[in-house]
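Please open the structure in a viewer and keep the sequence at hand. This tour proposes a series of selections and describes what each one shows.

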Amino acid sequence: MTTASDAPLILARQLRKSFDDFEAVKGIDFEVRKGESFGFLGPNGAGKSSTMRMIGAVSPISGGELSLFGLDPEVDGKQIRARLGVVPQDNQLDELLSVQDNLIIYGRYFDIPYKIARERSLELLDFVQLKDRARSKIEPLSGGMKRRVTIARSLINNPEMLLLDEPTTGLDPQARHVLWDRLYRLKQDGVTLVLTTHYMDEAEQLCDRLVIMDQGTIVAEGAPADLIRTHSPREVLELRYPAGTNADRTQEVDGIGARQEILPDRILIYADDGEAALSEVHRRGSQPESALVRRSSLEDVFLRLTGRTLVD
Amino acid sequence: MIASRTGPIRVLEYQFMVYLRVWKSNVAGSVLRPLLYVLGMGLGVGSLVDDGPRGGQLLADLTYFQFFAPAIIATTAMQILTNDSLWPIRGGFVWHGTFHSQTTAPITPGEVVSGLLMWHLAKGLLSAGGVALVLVFFDSTRGWGLLPAIGFGALAGVAYSAPLVAWSASRKNDLAYPNVLRFVIVPMFLFSGAFYPITELPGWLQFIARLTPIWHGVELCRGALHDTLTVSSTSAHVGFLLVWVTVGWFAAQRVFTKKLSL
Ligand SMILES: Nc1ncnc2c1ncn2[C@@H]1O[C@H](COP(=O)(O)OP(=O)(O)OP(=O)(O)O)[C@@H](O)[C@H]1O
Ligand SMILES: [Mg+2]
């Protein structure tokens, strides 16, 4: 028997989304449990945002089943949204209002009393290290700052679950690390995180479990380390040859390691021992301009499963 | 758990928050512009008309100033609310994402529309009130009738804004917005009966003028100030305006629901 506490917060079965005759999400299954940090990893157009908007109880589903907190979004959209925090891909901050007023009015949408919304807005701006910008307008803020304001805004109603659509896309490495740190703290506080990303390092950093999406379908599911272990040898040897000659190298690397990928800009050799593979390349007299041995990543899993790279 | 029904009030609050940042320029628009109109047209043109051959009989013994000035209560509300129903709607969908963030929170698209129209009513009362305030300063247009006229003017304004909100929201871009001002609002303003009685127009134009909400608004405002309204004429004018408000309201709810739940 399942009790209320271990019922999944999100349960999707054969979930679909169509726009006219185009099918953006083609029947996907997944579950998210309380306290978990769950990710959708996939390239542009995979259907991540379409899925997030259905989970956010904003976009009606086109087929299959979806339940959130055990409720049907079609019937109980308001109750569901009252318990969610949402960070949309495009922020949707209101440039007509100050930073703090953006948070306060958003709190009012959740019927939070004005005085409490005001206090909480300052606490949250402090949490995202933007307290000194409370009275600032939105427009002069940097991309990373706007993202942090949006995250602060999404927390105004103390959500049980936070939906983040590409939280760090377009940010510089330092801004990304600040954000990751804040999200990590939320996770430690027991907030369930659901996020999309096309950065494999972000997925590895933040997600306990993830699904890899491509063209509206889920191609793999699991914990990042398990996915890598299952779908890719332990190490990767990356070789770079003079531009435009990669295709001619097929012979030179043939049979080395478990598998080879000839990409336009580099050649990847998958092997449990990358150094040994490199010795073999040298033994055959091949002269790459550079060679690098690294551990397998989710990027390699994606390449393996779809034949394409994540970020192009 | 019962879903909260405060959505429209929250949307109204948002609009008010934005208004607090810009109210000074708005007040200038709803008091200074009508003041110029009233003085320029009412007194200037008035001096020509009142001394003219048909002066008194044409305007039912009103001076031109008394005839013209109360009409500006309705036309000002119409103009201000029309502007609020064009680019600001585009802004809510595209530039500021307001409608999207409201519906990401526990507010429905239908409630966004209701809150918006409640705000338009409030703004209509403010703008109509601004003009009425100007009229208080003239002996010939001072009267308790200005109070109901404020309400009638605001109603006429919403009779424009409700259908226009639906229309603007349904556009893919804002290229056609200026046409509303050029081909709808300006002609209606000119044929509204604000400047002259529409009985001066040829029959077919008179018929068209009677179908425009603004003529009903002008009749109501003028009648309220000069105490010439009857129960039946008032109900007919108000009923006509309410039809436009209701139709626009429902249409806008449909369009918003479609656009905000893709
Ligand atoms: N409102 C819409 N109308 C028509 N097609 C849409 C709409 N929204 C999304 N799509 C299409 O659905 C597909 C999936 O889009 P979606 O935004 O879900 O992808 P995504 O994984 O979030 O991509 P990205 O990384 O670029 O944000 C795309 O091909 C997109 O063009
Ligand atoms: Mg997206």
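**First stop: a charged pair in chain A**

Begin by selecting R33(A) and E31(A), which form a salt bridge whose closest N and O atoms are 3.2 Å apart. Please bear in mind throughout that the model is predicted. Side chains of opposite charge can pair when their charged atoms come close. R33(A) has a relative accessible area of 37%, so this residue counts as partly exposed. E31(A) is likewise described as partly exposed, at 23% relative accessibility.

**Second stop: a pair between two helices**

Next, select D201(A) and R176(A). The closest N and O atoms of this salt bridge are 3.4 Å apart. D201(A) belongs to helix α7 (residues 200-206) of chain A and R176(A) to helix α6 (residues 173-188) of chain A, so the pair ties together parts that are 25 residues apart in sequence. Is R176(A) buried or exposed? With a relative accessibility of 12%, R176(A) counts as buried, because the limit for that class is under 20%. Its partner D201(A) is partly exposed, with a relative accessible area of 32%.

**Third stop: a network of charges**

Remain in chain A and select E238(A), R240(A), D265(A), R266(A), R294(A) and D300(A) together. These residues are linked in a network of salt bridges. Over all chains, the count of salt bridges comes to 33.

**Fourth stop: the magnesium ion**

Now select ligand 2, the magnesium ion, and display the protein atoms around it. Which protein atoms act as donors of the magnesium ion? They are OG of S49(A) and OE1 of Q89(A), which lie 1.9 to 2.1 Å from the ion. S49(A) is part of helix α1 (residues 48-55) of chain A, whereas Q89(A) sits in the loop between β5 (84-87) and α3 (99-109) of chain A, so the pair ties together parts that are 40 residues apart in sequence. Colouring by accessibility shows S49(A) as partly exposed, with a relative accessible area of 21%. Q89(A) also counts as partly exposed, at 41% relative accessibility.

**Fifth stop: chain A as a whole**

Zoom out until the whole of chain A is in view. Chain A has 11 helices and 13 strands. Its C-alpha trace spans about 75 × 50 × 40 Å along the principal axes. Chain A consists of 312 residues, of which 54% count as buried.

**Sixth stop: a pair within one helix of chain B**

Turn to chain B and select E13(B) and R10(B). Their side chains meet in a salt bridge, with an N to O distance of 2.6 Å. Where do these two residues lie in relation to each other? Both are in helix α1 of chain B, 3 residues apart, which is about one turn of the helix. R10(B) is buried, with a relative accessible area of 10%, while E13(B) is partly exposed at 23%.

**Seventh stop: two surface patches**

Display the surface and select F16(B), L20(B), W23(B) and V27(B). These residues make a nonpolar surface patch of about 380 Å². V27(B) is located in helix α1 of chain B, and this residue counts as partly exposed at 34% relative accessibility.

For the second patch, select R118(A), R135(A), K137(A) and R21(B), which gather in a patch of positive charge on the surface. R21(B) is found in helix α1 (residues 7-50) of chain B. At 40% relative accessibility, R21(B) counts as partly exposed.

**Last stop: contacts along chain B**

Select F65(B) and L43(B), which are 22 residues apart along the chain and whose C-alpha atoms are separated by 5.9 Å. F65(B) is in helix α3 (residues 64-68) of chain B and counts as buried, at 5% relative accessibility.

Finally, select V94(B) and N173(B). How many ångströms separate the C-alpha atoms of these two residues? The separation is 9.6 Å, although the two residues are 79 residues apart along the chain. V94(B) has its place in helix α5 (residues 87-95) of chain B and is partly exposed, with 45% relative accessibility.

Technical notes: Residues numbered from 1 in each chain as written. Chains lettered and ligands numbered in written order. Predicted model: local features only at pLDDT ≥ 70, side-chain atom pairs only at ≥ 80, totals over all residues. Heavy atoms only, no water. Patch = residues over 30% accessible without salt bridge, like charges linked within 9 Å, V, L, I, M, F, W, Y side chains within 5 Å. Areas by Shrake-Rupley, 256 points an atom, 1.4 Å probe, with all protein chains shown as cover. Salt bridge = Lys/Arg side-chain N within 4 Å of Asp/Glu carboxyl O. Lys, Arg positive; Asp, Glu negative; His and termini not counted. Charge placed at Lys NZ, Arg CZ, Asp CG, Glu CD. Helix = DSSP H or I, 4+ residues; strand = E, 2+ residues; numbered from the N terminus. Buried < 20%, exposed > 50% of the residue type's maximum accessible area, 1.4 Å probe, protein only. Donors = N, O, S within 2.8 Å, 3.2 Å for Na, K, Ca; no water.
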